[in-house]
Amino acid sequence: NAQNFDNAADYMEYITKFHTKIKKDMWNYTAAIAHGKGARKVENKRKELIETTDKSLKKVKAMGPWDYSTEYRDSVAAYLEICSIVLKEDFAKIVDMEEIAERSYDDMEAYLMAKEAANDKLDEAGEMVEAAQRKFAEENGITLVDNQSKIDEKLEKSGPVFDYYTVIYLIFFKAYIQEMYMLEAIGAGDVNAAEQSKSAMITYSDEGIAKLDTMSAYKGDMTLRSACTKYLEFTKEEGEEHIPIILDFFLKKENFEKQKEIFDDIPERKRTQDDVDIFNAAVDEYNAAIEDYNSTNEDLNSDRSRWLEKWNETVNSFLDRHIPSKR
């Protein structure tokens with residue numbers, strides 16, 4: 001028999017407290033990430049949690065058996081060991097992936113899937129402990145109160161929320177990343193690359209809007225779906241109506257520079273009225289294109305900021321509403 005414990009209930013309670021504390025701390029860590037802080041911003045919390053988990057693991061492993069059985073002790077030890085591994089390996093990888101996730105759709109999808117896989121490991125480990133706990137209680141005549149802990153309730157509520165959010169977020173991101181590529185190409189004056197990203201952005205916007213139309217609200221909450229739809233309607237309109245004006249500026253600029261070079265190469269005394277008219281027409285077109293470019297770009301920047309801000313605000317309020325915060 002294990003020493004220093006008068007009965008199985010005390011033995012069980014002592015071991016369970018380590019499982020409960022780490023489960024709570026793990027929830028606080030993953031909840032912090034879910035509520036928009038990001039894995040890198042809570043990196044110190046991960047390191048602290050690794051330390052406390054390893055300390056708890058040592059204490060549990062040092063426990064003796066109860067009635068010659070170590071099954072329950074070993075299940076909690078296995079849970080703590082899994083938590084430690086997930087923190088050291090899975091979430092360390094997630095921290096690294098977070099830095100590049102914003103650069104491509106594939107990277108973002110891999111990043112989100114890695115977080116989901118890490119949480120699944122923790123869920124499975126938790127279920128293993130609960131099964132061992134019920135078995136130990138039955139074998140030792142301990143009556144367990146059939147009452148979910150607050151952490152268990154939070155975990156149960158969070159899973160479907162994350163699933164719903166991830167689907168919509170990837171729909172959003174697929175168009176968003178093409179818009180980012182397009183803007184980078186425009187900044188570099190690469191019209192061909194901008195055209196390709198613009199076409200992809202319009203396609204993904206159309207596909208996303210159609211997919212969102214088939215999705216139901218989450219427990220009556222339409223806000224996330226609506227905010228994503230509004231952003232995609234913006235990117236669709238941006239690509240179809242406004243970006244052509246932006247790209248036309250580069251064509252007019254190229255034509256102006258070409259006509260200026262030709263005009264400058266003609267000696268002043270040999271310039272005909274046609275030469276002057278052609279050059280002046282290129283100047284007028286270029287000046288008009290500059291004006292259109294500036295006004296269109298200003299309007300787009302304002303609208304883009306507004307819809308992205310609305311999207312981010314909606315995501316935060318949606319998660320706050322449906323995913324319990326820490327503690």
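**Figure 1. Five nonpolar, one polar and three charged residues line the second largest pocket.** Nonpolar here means Ala, Val, Leu, Ile, Met, Phe, Trp, Tyr, Cys or Pro, charged means Asp, Glu, Lys or Arg, and polar covers the others, Gly among them. You are looking at a predicted model, in which local features need pLDDT of at least 70 and side-chain atom pairs need pLDDT 80 or more, while totals for chains, interfaces and linings use all residues. Residues are numbered from 1 along each chain as its sequence is written, and side-chain values use heavy atoms, leaving out hydrogens and water. The residues to pick out around this pocket are Tyr105, Val167, Leu170, Ile171, Lys174, Tyr204, Glu207, Gly208 and Lys211. Helix 5 and helix 6 are the elements that give two or more residues to this lining. The second largest pocket has a volume of about 160 Å³, taken as the space filled by probe spheres set on grid points joined across faces, edges and corners. A pocket is an open set of points on a 1 Å grid over the protein atoms alone, with protein on both sides within 12 Å along at least five of seven lines; a cavity is a set where a 1.4 Å probe fits but cannot get out, and lining residues have an atom within 4 Å of a point.

**Figure 2. One cavity of 30 Å³ or more is present in the structure.** The largest cavity holds about 70 Å³ of space. Its lining is made up of Tyr11, Ser69, Thr70, Glu71, Tyr72, Arg73, Ala132, Lys135, Phe136 and Glu139. Which helices each supply at least two residues of this lining? They are helix 3 and helix 4, the latter running over residues 105-139; helices are DSSP runs of H or I with at least four residues, numbered from the N terminus. Helix 4 gives the most to the lining of the largest cavity, contributing four residues. By class, the lining of the largest cavity divides into four nonpolar, two polar and four charged residues.

**Figure 3. Asp67 and Tyr68 both have a positive phi.** For context, most residues other than glycine have a negative phi. Asp67 has a phi near 55°, and Tyr68 has a phi near 65°. Asp67 is found in the loop between helix 2 (43-61) and helix 3 (71-101), and Tyr68 lies in the loop between helix 2 and helix 3 as well. Is Asp67 partly exposed or buried? Asp67 counts as partly exposed because its relative accessibility is 47%. Tyr68, at 73%, counts as exposed. Buried stands for under 20% relative accessible area, exposed for over 50%, and partly exposed for values in between (1.4 Å probe, protein chains only).

**Figure 4. Lys21 and Asp25 form a salt bridge in helix 1.** The closest N and O atoms of Lys21 and Asp25 are 2.8 Å apart. A salt bridge is a side-chain nitrogen of Lys or Arg within 4 Å of a carboxyl oxygen of Asp or Glu. Because Lys21 and Asp25 are four residues apart in helix 1 (residues 8-37), about one helical turn separates them. Lys21 is partly exposed, with 43% relative accessibility, whereas Asp25 is buried, at 17%. The structure holds 19 salt bridges.

**Figure 5. Arg40 and Glu99 meet in a salt bridge.** Their closest N and O atoms are 3.0 Å apart. This pair links distant parts of the chain, with Arg40 in the loop between helix 1 and helix 2, Glu99 in helix 3, and their positions 59 residues apart. Arg40 is partly exposed, its relative accessible area being 39%. Glu99 counts as exposed, at 55%.

**Figure 6. Asp206 and Lys236 are joined by a salt bridge.** The N to O distance for Asp206 and Lys236 is 2.8 Å. Asp206 lies in helix 6 (residues 191-213) and Lys236 in helix 7 (residues 223-265), so the salt bridge ties together parts that are 30 residues apart in sequence. Asp206 counts as partly exposed, at 34% relative accessibility, and Lys236 counts as partly exposed, at 24%.

**Figure 7. Glu179, Glu238 and Arg304 are linked in a network of salt bridges.** Each of these three side chains can be followed in the structure above as a member of that network.

**Figure 8. Ala188 sits in the loop between helix 5 (150-187) and helix 6.** Ala188 counts as exposed because its relative accessibility is 65%. How far apart in space are Ala188 and Tyr176? From C-alpha to C-alpha they are 19 Å apart, and in sequence they are 12 residues apart.
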